[in-house]
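Thanks for coming. I will go through one structure today, starting with a pair of helices and working outward from there.

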Amino acid sequence: MRLESKGGMLTSGRPEMELHQTSAPPSAGLGGPMLEGLSNRRPQQGQPPSPDSSGATRQSCWAPVDQDFGSFLTERRCHSPLPEFFSSRSKDPCFTESTPLLRNSSQEKGCGSFRGNNPEALLSRSRRMPADRLEAVTPEASWESSSAEWEGPSGEAASDRRELPVGAPGRLRLSRLRRCVRWLKVTGLFAFVVVCSVSFSLYPDQGKVWQLLAVSSLESYSVNLSGRADSTLLQVDLAGPLLVGGPSRPGRDEHVVVEVTQAEAPGSRRRRPQQEQVTHNWTVFLNPRRSDRLVVSRTFEVPSRETVSISIRASRQQTQLVPLLMAHQYLRASVEAQVTVAAVILAAVYVLIIFEIVHRALAAMLGSLAALAALAVIGDRPSLSHVVEWIDFETLALLFGMMILVAVFSETGFFDYCAVKAYRLSRGRVWAMIITLCLIAAILSAFLDNVTTSLLFTPVTIRLCEVLNLDPRQVLIAEVIFTNIGGAATAIGDPPNVIIVSNQELRKMGLDFAGFTAHMFVGICFVLLFSVPLLRLLFWNRKLYNREPSELVELKHEIQVWRLTAQRISPASREETAVRGLLLGKVLELQRLLARRLHTFHRQISQEDKNWETNIQELERKHRISDRILLTKCLTVLGFVIFMFFLNSFVPGIHLDLGWIAILGAIWLLILADIHDFEIILHRVEWATLLFFAALFVLMEALAHLHLIEYVGEQTAWLIKMVPEDRRLAAAIVLVVWVSAIASSLIDNIPFTTTMIPVLLSLSRDPDVSLPAPPLLYALALGACLGGNGTLIGASANVVCAGVAEQHGYGFSFMQFFRLGFPMMVLTCTISMCYLLTVHVVMGWS
């Protein structure tokens, strides 16, 4: 933050602050010891993040500071311009942030809205307050007890240090219980991390030693492996021109057979009169395109310590050799045990996220550490380079690039302008506006990536809700739900659809881009037709308007803004330490003032604005485009980026992924916009969201190595085979839709879709099952895409929207999303299931 002394004013680059100097009694000020204590105290975890700085273009405050603080700065830093300012005294005990969209008619209500130009009224009120309400408090008590006054009894430090009011023994017991629970949480998590770290470090990285071999119909390959006492499974990996599933053409079933044989131990108590051999056969089909390479693996049970024999032979119509790579590895746990451990880890991660014990990024990191430790214990510890390969850097690059674009875009005032225009189009009718936003988001996400749609729509929605005094959380949740629904309409809207359409085997079966999009588009239209009434029904008893007067909502928002502003100031110098302490002190004063206002104001529910025409004219005069030249540059670069997104899906000659396009667009815009204060742009990047995605990718790949996803697919196939043949297709569609939806709401839908495609292909090629592949794949696509609405971490767009909203000060929890998302998931999956049953079972189209 850049501070300058100008005519008794303290100014800064961003956010701008005006500290008006007046006189105040010493009892209302902040002493030097108090400020020094505040400057050395870091904020606690769990505080809400700051809104986007573009939403706060002008902020003003009256800083009550006494002479002790001026003498403190004069003694410590005599040549600084700050003592000249801080040596004066201020009249008012409050300061505010005036964002362009938070100014409304409440500005004319005097001090009640904290916006008026009458500081004498505030001074007279502060002088009428009892002296004990303005006494100086220790830093720890001030930080926690002030938030407890308006959020609940959470400040245990204040309860211990201040004079206990009536009912204080109960609050004291509650604070002690909170401290005990917090101590247990920290101790338990730390012990868990230590155990996982030790377990991970005790077992070295085994690594895979690949052996080159060549087999044909006349020549085979055999190798004998010595058994191990602590191993129960043998994992065999093959690499070469292989296929996952059945043969590409029924007439040509060229394949490789892997035979694993082990004799019973001679001294075994279970030994029978004739020594038996345990034999496992594994058939892998060959790819006619010899240039393609694929790695497949299979685990085999090893019941004894005897020597294991591996034999590989090829079955081909020709006698040419087939080059292959083989690697083997012993594992210490059975498949059932690995699946159980993986399920426990996944459930533990969800417990941490649902109950908000830790931040969701830290919860994903803890789950990744536990899964890696489990892999190390069973003997399949991956190397660091291998773990890094699990991270989908294309998704992270897409998120980072689009966050940079949106951060620069917000400097133009375009989001405020769009919010006002949307208010005009809705003609003051809130529900018409919400439905319009949801439908536009659904249509746009059908052609763009739903993550990009969330990044573009979330700031506009927040600004619009601030204008109408709505709760942005409810509107954002509804919007991101429709974003996920719309992404399922086309082959490029959601990653599961992209995976299905880009599969070469499915393309050979006739599943092309146009046919897939047409089929999915019709189904999603039916889903949207029923989703809009359900959304209105879910919001029937919910109040979209804020339940408190707008001035109280704004004051709470300002407290979060200034708290995070102080948190972001690094105490590298005395001046920065002093400013940080001043901001923390003002947060305390605002919290005390808010507590008094909550006792005097009666909660009221805002009604729809009947004078919307008058207000919209005033808003249009205030909220115009602030920088048209920068807006032109931003629209040019963003339009080019979106155009390249389309070309990447249709033109194969463009060798740029979505991540590269977003990164290049961000670099272009940074050059054109001539951004000098680059740190401000980086502050608006959601680093916690990026870290969460990276940890989630590692967690899902580790769970896949623990055979959790493969186990779900195998059990689904087993259930389908149990159904009679005349009802097998209907049962298969129902099972695939709901298993995909539930699994995608709990785990990432990308690895699940990748795992389920070979399972469904093998079912369709099994002569005993005889199921057509297209209906199963459409069921997989609809279930995997629509199932992301079930939980907060079920889809990437959900996490991105929650992260951006949290940065603006409107974060929503796991359960808030679950209350709306899960019913929508149930309805949309039901409608899509009925659509598939009607088309493929009743009408017989396959």
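Let me start with a contact, meaning heavy atoms within 4.5 Å. Phe415, Asp416, Cys418, Ala419, Ala422 and Tyr423 in H12 meet Leu456, Pro459, Val460, Arg463, Leu464, Val467 and Leu468 in H14. By class, the residues of this contact of H12 with H14 are eleven nonpolar, no polar and two charged. Here Ala, Val, Leu, Ile, Met, Phe, Trp, Tyr, Cys and Pro count as nonpolar, Asp, Glu, Lys and Arg as charged, and the others, Gly among them, as polar.

Before going on, some housekeeping. This is a predicted model, where local features need pLDDT of at least 70 and side-chain atom pairs count only at pLDDT 80 or more, while totals for chains, interfaces and linings use all residues. Residues are numbered from 1 along each chain as its sequence is written, and side-chain values use heavy atoms, with hydrogens and water left out.

The chain has 31 helices and 13 strands; these are DSSP runs, helices being H or I with at least four residues and strands E with at least two, numbered from the N terminus. Of its 846 residues, 53% are buried. Buried means under 20% relative accessible area, exposed over 50%, and partly exposed in between, with a 1.4 Å probe and protein chains only.

Back to the pair. How are H12 and H14 arranged? Helix H12, residues 414-426, packs on helix H14, residues 450-468, at an angle of about 60°, with the axes 8 Å apart. Axes are lines fitted to C-alpha atoms, for helices over the stretch in contact, and angles run from 0 to 180 degrees between N-to-C directions. H12 is therefore oblique to H14. For the terms, under 35 degrees is roughly parallel, over 145 roughly antiparallel, 65 to 115 roughly perpendicular, and the rest oblique. H12 passes H14 in a right-handed crossing: the near helix is turned clockwise from the far one by less than a right angle, whereas anticlockwise would be left-handed.

Just before H12, in the loop after helix H11 (393-409), is Ser410. Ser410 counts as buried because its relative accessibility is 6%. Its side chain makes a polar contact with the side chain of Arg684, at 3.0 Å. A polar contact is a pair of N or O atoms within 3.5 Å; within protein, one must be able to donate a hydrogen and the other to accept it, and residues adjacent in sequence count only if both atoms are side-chain atoms.

H11 has a helix partner too. The axes of H11 and helix H23, residues 658-673, come within 7 Å and cross at roughly 25°, so the two are roughly parallel to each other. Their crossing is left-handed. The residues of this contact comprise 14 nonpolar, three polar and one charged.

After H23, in the loop before helix H24 (678-683), comes Asp674. Asp674 has a positive phi of about 55° although it is not a glycine. Most residues other than glycine have a negative phi. Is Asp674 buried or partly exposed? Partly exposed, because its relative accessible area is 49%. Glu356, in the loop between H8 and helix H9 (360-378), also has a positive phi of about 55°.

Last, Gln338, in helix H8, residues 335-354. Gln338 is buried, with a relative accessible area of 2%. A polar atom of the Gln338 side chain lies 3.1 Å from the backbone oxygen of Ala333. Beyond four places in sequence, Gln338 touches residues including Leu233, Ile378 and His705.
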